[in-house]
Amino acid sequence: MENERENERENERENESGIQKNDTIIEGMDIVRTFRMGEVQVRALRGVSVKIRRGEFVAIMGPSGSGKTTLLNQLGILDTPNSGKVVIDGTDTSALSEKEKGKFRLHNLGYVFQDYALLPELNAAENVYLSLMMQGKSKVEYESAAAEILTAVGLGDRLAQLPSKMSGGQQQRVSIARALAHSPIILFADEPCANLDSETSKEVLDLFKKFNTEYGQTIVMVTHEEWHAAYTDRVIKLKDGMLE
Amino acid sequence: MLEKAKVSFFLAGRSITRGNKGITIFTIFVLTLIFVQLVLFSSMLAGVTLKFNELMVDYQTGNVVIEPEEEQRYIEDASALQKKIESLPRVLGTTARLKTSGNFRYKEKEIGGTVYGIDPMDESFVTAIEDAIISGEFLSRPDRGEIILGREVSGGFGALMESRSLGGVEVGDTVELTIEGKTREFRVKGIYTTRYFMADASAYINRADLEEMLGVEGQDLAQEIAVRTTAGTDEYETRMALLSLGVRENIRTWHEFAGILRLIENTLGLIRNIMNAIGLLIAFVIIFVVIYVNIVNKKRQIGVQKAIGIEQNVIVASFVLQAMLYAGTGVILGYCFMRFGLAPYTVAHPVEIPLGTMSLKLDDAEAINRAVLLFLASIVGSVIPAYKLAQKDLLELIWDK
């Protein structure tokens, strides 16, 4: 009964945004990831299979050490699984070379890290348009795109500001603008609110929600805060490297 | 390709302009010093060589030296040959000398040395020995039984090899000179120093005195004729002109005459090359360390750049460009310091060295050579650490695992 109501609500949202969520944009198949820590083998993921649909806002949750970030890294092709594969928008990423993966990330994926990970020597606009420069866009194109997206995240008046002169919330918004500037097909966020207070966290999540509902942006977010789940369409729960 | 270069330049530029100013200034300062060190020794060597050459021409050989034909001990009809040579338009003067080795004795001390028999008037047209007198006077034509001693023979006056000198002969003293078994007393008329130890280890007497001691008086013989030409005359052209005059004697330019100088020059050149190699190695290590420290501090940033799709070679190139810019700035500052600072300063205030005074002579070709080498060292010194780190696993860079 609860699930039916949830599906209905989802369908209503789909109709509002005009985005059809019935096609799979990421499919992780039987992902196994093992790390060696000294003499010990740590099995961070033990055969996880997930499907995420286009336009979905998905949270990956679970206790500490459950493999949330490891799963995000596999889905976001920041890491390579020991076995299993990840297919993004029809592309089998296991068949890509490191260079091809880099190119794929540059054109198709966006990332928001826990500690913002901005380049301190670049100002807000430069941090945002770096990947657009790399894509070969013209100066006019990348500068206007950076200004537009920074305005959309509420930082239109801080284009030339260096990260060191910004608050944590502002830095995270620049980080979100950077991740979205090249219109990625998926946005990956690894505990984006971990370093922020509740008020700022709410602002960041509101931004995610805005891009998800208004532009149909697919978002995969790792979080350990239960109240964040309310912003998402679906929660993937992990425990001890397996789906719960 | 172009967009990649653009991103590399962009990252390098921002890193320099907005990065740690202290590190940038320190790196450029060190590279400036390395460049100065690399060109300084070459400039010193060039300065010393120039000084050597000047001393050689001014006090010993003139521009060209004519020696007896092979297997002949003397040049015959020396004054006729002198007149012939002096007829050449670019010849300022000639001096016919007798030259032999002799033993000087003063009190208990006895040393060997070269003795020149000269015509004082002719000699002053060719060499500057007359101007090098530091005590007493130079010889004049009618003088007999008088001698001019170099300070390495007389001793005193700051002689470099005091222990091998006569131990402090002064003007007016009498020394005994023995040549080919004949001993004669000479009154010291003057003491000279050219500050060039080889020229200062000789003595000059009137040619007539030496002819007498050698038993060749009145025969118009010479063992060498030194020729002085106008400034800027090419020595090889002079030789050709002399040959066309029908001079059959052995003609040597001062370059050929200065065999020992070339030996010293080559030895110094070898030392210079060793010092250059060490300087470059130091440059390489410093650039390596600076870039490595810089890069280790930016490990996470490199990881983030890789994560958002910046290619590895673009990241490496941004660090290499930084190193090249540091090296370029260091070279320019170092060159300006040498060209407009140190070299002109030493020309205005020559440095005292045992051989005399010396000024630095900066050779542009050498400076370009050192600049290129420093550039190459900076490229290699930055490529290795940048490549090694940028090649690491993305997550390892981001999470520093």
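**Exercise 1. Cavities.** State how many cavities of 30 Å³ or more a search of the whole structure finds, and describe the largest cavity by its volume and its lining.

*Solution.* Step 1: the search of the whole structure, which is a predicted model, yields three cavities of 30 Å³ or more. Here a 1 Å grid is laid over the protein atoms alone, and a cavity is a set of points where a 1.4 Å probe fits but cannot get out, while lining residues have an atom within 4 Å of a point. Volume is the space filled by probe spheres set on the points, with grid points joined across faces, edges and corners.

Step 2: the largest cavity has a volume of about 130 Å³, and of the 15 residues that line it, Glu121(A), Leu11(B), Lys298(B), Gln301(B) and Gln305(B) are the closest to its centre. Two or more lining residues come from each of α1 (2-18), α10 (299-307) and α11 of chain B, where helices (H or I, at least four residues) and strands (E, at least two) are DSSP runs numbered from the N terminus.

Step 3: by class, the lining of the largest cavity holds seven nonpolar, five polar and three charged residues; Ala, Val, Leu, Ile, Met, Phe, Trp, Tyr, Cys and Pro count as nonpolar, Asp, Glu, Lys and Arg as charged, and the others, Gly among them, as polar.

Residues are numbered from 1 along each chain as its sequence is written, and chains are lettered from A and ligands numbered from 1 in the order in which they are written. Local features need pLDDT of at least 70 and side-chain atom pairs count only at pLDDT 80 or more, whereas totals for chains, interfaces and linings use all residues, and side-chain values use heavy atoms, with hydrogens and water left out.

**Exercise 2. A salt bridge at Glu121(A).** Explain why the salt bridge of Glu121(A) with Lys298(B) joins two chains.

*Solution.* Step 1: the closest N and O atoms of Glu121(A) and Lys298(B) are 3.1 Å apart, which meets the rule that a side-chain nitrogen of Lys or Arg lies within 4 Å of a carboxyl oxygen of Asp or Glu.

Step 2: Glu121(A) sits in the loop between β6 (109-112) and α4 of chain A and Lys298(B) in the loop between α9 (259-297) and α10 of chain B, so the pair links two chains.

**Exercise 3. The interface.** Describe the contact between chain A and chain B by its residues, its buried area and its polar pairs.

*Solution.* Step 1: with contact taken as heavy atoms within 4.5 Å, 29 residues of chain A and 26 residues of chain B take part.

Step 2: the buried area, meaning the accessible area (1.4 Å probe) that two parts lose on being put together, summed over both, is about 2500 Å², and carbon and sulfur atoms give 66% of it. In chain A, the most area is lost to chain B by Glu121(A), Met133(A) and Met134(A), together 28% of what that side buries.

Step 3: four salt bridges are counted between chain A and chain B, and in one, Arg14(B) meets Glu126(A) through their side chains (2.7 Å, N to O).

Step 4: eight residue pairs across the interface, both at pLDDT 80 or more, are in polar contact, that is, a pair of N or O atoms within 3.5 Å, where within protein one must be able to donate a hydrogen and the other to accept it, and residues adjacent in sequence count only if both atoms are side-chain atoms.

Step 5: on the side of chain A that touches chain B, α3 (98-108), α4 (124-134) and α5 (139-152) of chain A each give two or more residues, and α4(A) gives the most, with six residues.

Conventions. 1 Å grid on protein atoms, 1.4 Å probe; cavity = no way out; pocket = protein on both sides within 12 Å on 5 of 7 lines; lining within 4 Å.
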